[in-house]
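Biologist: I am new to this structure and would like a guided look at it. Could you show it to me before I begin asking?

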Amino acid sequence: MLTNNELELITSYVDGELSASQQRDFESLMARSVTANELYNALLADRHALSLLPPRPAPHALTQSILNCLSKQSTPKAIVRQPVSMVKRWIPIGLAASFLIAVSSATYWYVASGDLNSRMARNRQVQQLPHDDKNLVPSTSSPITTKEPVTDDWLAIDRPGAKPIVGPEPEVIATDVKPANPMVIQPEPKPNPERILTAPATSDVKAFDRVELQLPLLIPFTDLNLADTTKLISERVGFQAVTRIDFFASDTVSAADQLIEAAKKVNLTIRIDTVANERLKRKMTTAWCVYSEALTPDEIAKWMAALRDAKFETQYPAMLKSKLHVLNAGASDFKDAQSLIGVDLGKRKAASAGQLSDQTISQLTEALQKTDPSRQGIMFTYLPQAVRVHPLLSREIRQFNELRGQPKVGTSPVMIVIRPIQ
């Protein structure tokens, strides 16, 4: 029976909300609990099934049906009004009336004062005009003459019904007038690329950050040999710096044997740690780990496709229920690789002859004549922790580290963890 904390840990991992410490707790839980693996696989299957469902629009009558149900079930409560005295009732009305009177008075005073100022200004203008003669006498230098007498109507322009005064047209005097310069159309200014956002070039505006999230690639064992699956695995492995593949199998011993056998089809030699080899011979249920950094993404995809062998399916039909999860290696994987095989994932060293002892060279010369020493992998015990071997105490791990050389172009480190499930 799983506790509430364990259930929350599994659901948070499916949602991708675990921290580094919670990630380690989750992996420990998955290694020791069969029930946790079943729940985890069920949640992944449900999420995958939900993602495949086609979206369906809601019916048009759904909104009206919900409103009808709510109107039938909910009854408005009666509003109980408290008795209010007559004095308290008239207080808001009196305040509103006082405010209205104040606003009206201020508006009237403002309009009246403005009208009075405008009238006084017009009177001052009228008083400055000559009153000795009602006819306007133009100056002698002006070419415009006035033929009609000017009446008092021009003084009452503001009065309603007053007609505008239209003066006589001036005489046109023919003179030698030079044509004006033709209008020159100026070209449109070129846009300045540094001011597209109406900001100086040395603006402190920071660029937008783009964060891409990736979910684990879930692949059933029965789909490993499909062309589309092989392409997906190759693309995912090529996109990530270091890839971790979780191989969930009901029979981890058979899965390990098949993984080693399938590696031969891509010309990969896997060395098995002594303790891990002993547990394999005794058919002991264990979580294994295989690490290699000598294959390209396409070769890793072919390696996974070779797992589904017809002969293997006939001998072990329970393996058809297995699943593979392809995801990016995290901080816990880097820490495990450092403690288990003594290497940093993805960081390889150059091999030199001085690093190999004479005894090691004599033991490996015959085996390396037919195979490429750079195309190798190492298999060791991943869980339980009690049977893990220190890298310095394992001969196979030391040989693997001594033969690690410069990375070839296009190769990708991969860490395959075989985990038991029921």
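Modeller: What follows is a short exchange about the chain as a whole, some helix packing and a few individual residues.

Biologist: What kind of model is this?

Modeller: This is a predicted model.

Biologist: How many helices and strands are in the chain?

Modeller: The chain has 13 helices and 7 strands.

Biologist: And what share of the 422 residues is buried?

Modeller: Buried residues account for 29% of the 422 residues.

Biologist: Among contacts between residues at least 6 apart in sequence, what share joins residues at least 24 apart?

Modeller: The share is 82%.

Biologist: Let us turn to the helices. How do H2 and H11 pack?

Modeller: Helix H2 covers residues 20-32 and helix H11 covers residues 331-340. Their axes are 9 Å apart, at an angle of about 65°. The two helices are therefore roughly perpendicular to each other.

Biologist: Which residues meet there?

Modeller: From H2 come Gln 23, Arg 24 and Glu 27, and these meet Ser 332, Asp 333 and Asp 336 of H11. Sorted by class, the contact of H2 with H11 contains 4 charged residues, 2 polar ones and no nonpolar ones.

Biologist: Is Asp 333 buried or exposed?

Modeller: Asp 333, which belongs to helix H11, is buried, because its relative accessibility is 1% and the cut-off for buried is under 20%.

Biologist: What does the side chain of Asp 333 pair with?

Modeller: The side chain of Asp 333 makes a polar contact of 3.1 Å with the side chain of Arg 244. In addition, a polar atom of the Asp 333 side chain lies 2.9 Å from the backbone nitrogen of Gly 330.

Biologist: And which residues does Asp 333 contact, apart from neighbours within four places in sequence?

Modeller: Those contacts are with Glu 27, Arg 244, Leu 345 and Met 415. Glu 27 is one of the H2 residues at the meeting of H2 with H11.

Biologist: Back to H2. How does H2 pack with H3?

Modeller: The axes of H2 and H3 are 5 Å apart and the angle is about 110°. That makes H2 roughly perpendicular to H3.

Biologist: Which residues of H2 and H3 meet?

Modeller: Phe 26, Leu 29, Met 30 and Arg 32 of H2 meet Val 34, Ala 36, Asn 37 and Tyr 40 of H3. By class, this contact has 6 nonpolar, 1 polar and 1 charged residues.

Biologist: What is found in the loop between H2 and H3?

Modeller: Ser 33 is found in that loop, ahead of helix H3 (34-52). Ser 33 counts as buried, because its relative accessibility is 13%. A polar atom of the Ser 33 side chain lies 3.1 Å from the backbone nitrogen of Ala 36, and Ala 36 is among the H3 residues that meet H2.

Biologist: Change of topic: where is the cis peptide bond?

Modeller: The cis peptide bond joins Leu 383 and Pro 384, with omega at about 5°. Pro 384 sits in the loop between strand E6 (376-383) and helix H13 (395-402).

Biologist: How many of the 8 residues of H13 are buried?

Modeller: In H13, 6 of the 8 residues are buried, so the helix is largely enclosed by the rest of the structure. The buried residues are Glu 396, Ile 397, Gln 399, Phe 400, Asn 401 and Glu 402.

Biologist: What is the phi of Asn 267?

Modeller: Asn 267 has a positive phi of about 60°, although it is not a glycine. Asn 267 lies in the loop between helix H7 (252-263) and strand E3 (269-272), and it counts as partly exposed at 43% relative accessibility.

Biologist: And what about phi of Lys 283?

Modeller: Lys 283 is not a glycine either, and its phi is positive, near 55°. Its place is in the loop between helix H8 (274-281) and strand E4 (287-292). Lys 283 is exposed, with a relative accessible area of 55%.

Biologist: Lastly, how many disulfides does the structure hold?

Modeller: The structure holds 0 disulfides.

Biologist: Are Cys 69 and Cys 289 buried or exposed?

Modeller: Cys 69 is partly exposed, at 43% relative accessibility, whereas Cys 289 is buried, with a relative accessible area of 0%.

How values were computed
Residues are numbered from 1 along each chain as its sequence is written. This is a predicted model: local features need pLDDT of at least 70, side-chain atom pairs count only at pLDDT 80 or more; totals for chains, interfaces and linings use all residues. Side-chain values use heavy atoms; hydrogens and water are left out. A disulfide is a pair of cysteine sulfur atoms within 2.5 Å. Buried means under 20% relative accessible area, exposed over 50%, partly exposed in between (1.4 Å probe, protein chains only). Axes are lines fitted to C-alpha atoms, for helices over the stretch in contact, and angles run from 0 to 180 degrees between N-to-C directions. Helices (H or I, at least four residues) and strands (E, at least two) are DSSP runs, numbered from the N terminus. Angles under 35 degrees count as roughly parallel, over 145 as roughly antiparallel, 65 to 115 as roughly perpendicular and the rest as oblique. Contact means heavy atoms within 4.5 Å. Ala, Val, Leu, Ile, Met, Phe, Trp, Tyr, Cys and Pro count as nonpolar, Asp, Glu, Lys and Arg as charged, and the others, Gly among them, as polar. A polar contact is a pair of N or O atoms within 3.5 Å; within protein, one must be able to donate a hydrogen and the other to accept it, and residues adjacent in sequence count only if both atoms are side-chain atoms.
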